[in-house]
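Trainee: Please pick one part of this model, the helix packing, and walk me through it closely.

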Amino acid sequence: QATSSLLDRPWDEHRTGWGIGTMLELLVASCAGEPRPVAVDARRAASGPVLDRVVQLRIADLTATVRDRQGVRSVALPSFDNGVIRGDALLARLAEAKSEGWQPAELDLELALLRLDLDGLDPEPFDALATLPGRQAAAWIRGGGPDVPTIRPVRVMQWEQPRESYGWDDTPGPPTHLWLASVVPAPPGATPPGALWALLHSWSPSPRGVQLATGWGSVFELWAWNAPHHREVVAAHLLCTLARAPTEPSRAGAALVPLACAEGAVGDAMLLAIGCAMGAKQQQTRSSAVDALLVLAARRQLDGARLGELLGAMVGAGDLVLARIVDPLTQAAAAGAATQIWAAVATLLGAALTGGAPVTGLAQLLSAAVDVAEDHRISGAVQGLDELAARTGRSQQVVEARRLRDVLARNAG
């Protein structure tokens, strides 16, 4: 009854492409016993976010499994709400598959391995299953997972399609630059990457610029679950949508908290993603950045000084509005991440004070720094602060610089 209105309507009604919504409809049809041909439109998928393609392939694979095997059989279901699978859980599922006489689909097993917690995991029990999936899992464990790519932050121009003139002034404004992260694949290993990792482990922007997908149909909350032990890789692909948040509305901030709750290294891609969200036009996206900062700080995974360096570079290049990121920094400090946030604020202030060019919003940042230092009794030096505080005059920047200098000195004594 719940699916009848979906299944009874003409199959081509309101369909312009094979997006995630259409793929879910195909899965519902198979579960209801009315399977239909399923495939991912390669042309449409290639123009969207990479993580959307991964999700689409996964849904198509589940749909085919339900259609062909009359039931959902998967070994890739997470053990925890961050997408991770325990080793004993996967071993039990593979043993159950052996006893029931079926094998997991290739994509299903690959996703399970990408989600598998390898910490202290013994490959011998998987080998002892004497099945192809068991041997593949054992080899994966011995190899330490997939070949991990290198993540490199890059600043590139956003390419915009030429507009058609309608007679009024269509003079283009200054080019917009975006902060992204290229994914440089590791040298080929003994085992070639599977279909899912092949999509994820390599990406680089075109030298002529990039045109980012909007991601309005994306399920951002699930992106981290596709590779929960590879936060940097997922964050690099997230930037291909989130990097537009400082200038355009974006829903991509919804991926930040699940990604912060995942596992794996936290590097420049994750910090750039948080930085873009902190400077977003939408308050909801900035709030997501604060929540992500708090999760990372609570897990002792937030490098505040490096975050400050990246924020300083983005502000210095004119790609991030300094006034927007003051509130997220203040809120995160007040909510319990004062130590890490102060490291970010001090480094960001140093970049702004010694960059040579005037920075709009500097007085607001100095005032916020005073509040953080007073509330949490922080001391230490800030590069360029003494020089600004020693200037003559009563401008707001100079007044706030003197206040911060005095608070830091008082806390140190």
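Mentor: Handedness first: a crossing is right-handed if the near helix is turned clockwise from the far one by less than a right angle, and left-handed if anticlockwise. Bear in mind that this is a predicted model, where local features need pLDDT of at least 70, side-chain atom pairs count only at pLDDT 80 or more, and totals for chains, interfaces and linings use all residues. Numbering runs from 1 along each chain as its sequence is written, and side-chain values use heavy atoms, with hydrogens and water left out.

Start with α6 (residues 106–115) and α8 (residues 132–143), helices being DSSP runs of H or I with at least four residues. Their axes, lines fitted to C-alpha atoms over the stretch in contact, come within 11 Å and cross at roughly 30 degrees, on a scale from 0 to 180 degrees between N-to-C directions. That makes α6 roughly parallel to α8, because angles under 35 degrees get that label. The crossing of α6 past α8 is right-handed. On the α6 side, Leu109, Leu113 and Leu114 make the contact (heavy atoms within 4.5 Å), and α8 answers with Pro133, Gln136, Ala137 and Trp140. By class, the α6 and α8 contact has 6 nonpolar residues, 1 polar and no charged.

Now α16 (residues 362–376) and α18 (residues 396–412): here the axes come within 9 Å and cross at roughly 20 degrees. That makes α16 roughly parallel to α18 as well, but the crossing of this pair is left-handed. From α16, the contact takes in Leu362, Ala363, Leu366, Ser367, Ala369, Val370, Ala373 and Glu374. From α18 come Gln396, Gln397, Glu400, Ala401, Arg403, Leu404, Val407, Leu408, Arg410 and Asn411. The α16 and α18 contact splits into 10 nonpolar, 4 polar and 4 charged residues.

Helix α16 also has a hand in a cavity (on a 1 Å grid over the protein atoms alone, points where a 1.4 Å probe fits but cannot get out). The count comes to 1 cavity of 30 Å³ or more, and the largest cavity has a volume of about 50 Å³, taken as the space filled by probe spheres set on the points. Its lining, residues with an atom within 4 Å of a point, consists of Val326, Leu329, Thr330, Ile341, Val345, Leu365, Ala368, Ala369 and Val372. Helices α15 and α16 each give two or more of these residues, with α15 giving the most at 5. By class, that lining has 8 nonpolar residues, 1 polar and no charged. Ala369 is worth a click: this residue of α16 belongs to the contact with α18 and also lines the largest cavity.

Technical notes:
Parallel < 35°, antiparallel > 145°, perpendicular 65-115°, else oblique. Nonpolar A, V, L, I, M, F, W, Y, C, P; charged D, E, K, R; others polar. 1 Å grid on protein atoms, 1.4 Å probe; cavity = no way out; pocket = protein on both sides within 12 Å on 5 of 7 lines; lining within 4 Å.
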